[in-house]
Amino acid sequence: MQIADNEVLTPRDKVLIDQVISERGSRPGALLGILEEVQSANAHKHLSMPALRYIAEGTGVPPARVYSAATFYALFNLDPQGDNVICVCRGTACHTRGSRDLLEKVCLDLGVCSHLTSEGNEADKLSLTTPDRKFTIRTVACFGQCALAPVVEVNHHILSHVNERTLQREVKALSQGRE
């Protein structure tokens with residue numbers, strides 16, 4: 001993750017975080033809810049390092065623990081996400097039914113294929129965003145939808161028995177602004 005030197009929280013960001021902390025801060029396990037709500041309110045659906053530090057200050061939770069929670073759970077993003085998120089399952093059932101090929105094809109179609117490594121990485125944990133920030137391609141270890149393999153999630157909607165044509169059609173619709 002790269003952090004811009006000029007990345008700072010706006011007064012609006014601080015007010016939002018303060019409000020979330022005041023609403024959720026005293027509940028057991030509040031940190032995850034705070035992180036989720038702050039990420040959801042961010043235009044690019046991510047948690048910046050300044051936001052994580054501010055959350056740590058506001059909750060009294062050590063910064064290392066806040067960062068640890070944000071990096072442990074797959075639902076949190078430390079990098080800005082695209083307007084549309086395509087998540088390809090890399091679980092065993094999906095892998096044996098062609099999810100690797102789907103991943104490679106969608107990355108190629110969106111022009112982010114140079115970031116895929118060869119057999120060493122197997123793209124088990126991948127998050128790539130197109131330069132125009134229209135799409136983010138991610139992988140997940142398993143959606144738990146093995147009977148529907150291969151599974152791809154597009155903007156939080158599960159697609160089952162996905163093939164290259166289906167995925168291309170989804171990407172094209174999103175590129176043209178349709179959902």
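A residue counts as buried when its relative accessible area is under 20%, and as exposed when that area is over 50%, with partly exposed in between. Keep that in mind for the rings below. What you're looking at is a predicted model. Three things are worth a look here: a pocket of about 960 Å³, a small set of aromatic rings that pair up, and an open sheet of five strands.

**The aromatic rings**

- The structure holds two aromatic pairs.
- One of them joins Phe-72 and Tyr-73, edge-to-face, with 4.9 Å from centre to centre and 85 degrees between the planes.
- The other brings Tyr-73 together with Phe-76, again edge-to-face. Here the centres are 6.4 Å apart and the planes sit at 90 degrees.
- Put together, these ring pairs link Phe-72, Tyr-73 and Phe-76 into a cluster.
- Is Phe-76 buried or exposed? Its relative accessibility is 6%, so Phe-76 counts as buried.
- Phe-72 is a different story: its relative accessible area is 63%, so this residue is exposed.
- Tyr-73, the residue found in both pairs, has 34% relative accessibility and therefore counts as partly exposed.

**The largest pocket**

- About 960 Å³ of space lies in the largest pocket.
- Its lining is made up of 32 residues, and the closest to the pocket's centre are Ala-74, Leu-75, Phe-76, Asn-77 and Arg-138. You've already met Phe-76, as the ring partner of Tyr-73.
- Which elements give two or more residues to that lining? They are helix H2 (30-41), helix H4 (63-72), strand E1 (84-89) and strand E3 (135-140).
- Sorted by class, the lining has 14 nonpolar residues, ten polar ones and eight charged ones.

**The sheet**

- Five strands make up an open sheet with mixed pairing, and their order is E2-E3-E1-E4-E5.
- Strands E1 and E3, which help line the largest pocket, are both part of this sheet.
- At the edges stand strand E2 (127-129) and strand E5 (157-159). Each has a single partner strand, so one side of each is left without a neighbour in the sheet.
- From one strand to the next, the twist averages 20 degrees.
- In general, strands of a sheet pair through backbone hydrogen bonds, and they can do that parallel or antiparallel.
- Strand E4 (residues 152-154) and E5 run antiparallel, joined by three bridges.
- If you want a spot to find by eye, try Val-152, which stands opposite Leu-159 in E5.

Definitions and conventions. Residues numbered from 1 in each chain as written. Predicted model: local features only at pLDDT ≥ 70, side-chain atom pairs only at ≥ 80, totals over all residues. Heavy atoms only, no water. 1 Å grid on protein atoms, 1.4 Å probe; cavity = no way out; pocket = protein on both sides within 12 Å on 5 of 7 lines; lining within 4 Å. Points joined across faces, edges and corners; volume = space filled by probe spheres on them. Helix = DSSP H or I, 4+ residues; strand = E, 2+ residues; numbered from the N terminus. Nonpolar A, V, L, I, M, F, W, Y, C, P; charged D, E, K, R; others polar. Phe/Tyr/Trp six-rings, centres within 6.5 Å; stacked < 30°, edge-to-face > 60°. Buried < 20%, exposed > 50% of the residue type's maximum accessible area, 1.4 Å probe, protein only. Pairing = 2+ DSSP bridges. Axes fitted to C-alpha atoms, helices over the stretch in contact; angles between N-to-C directions.
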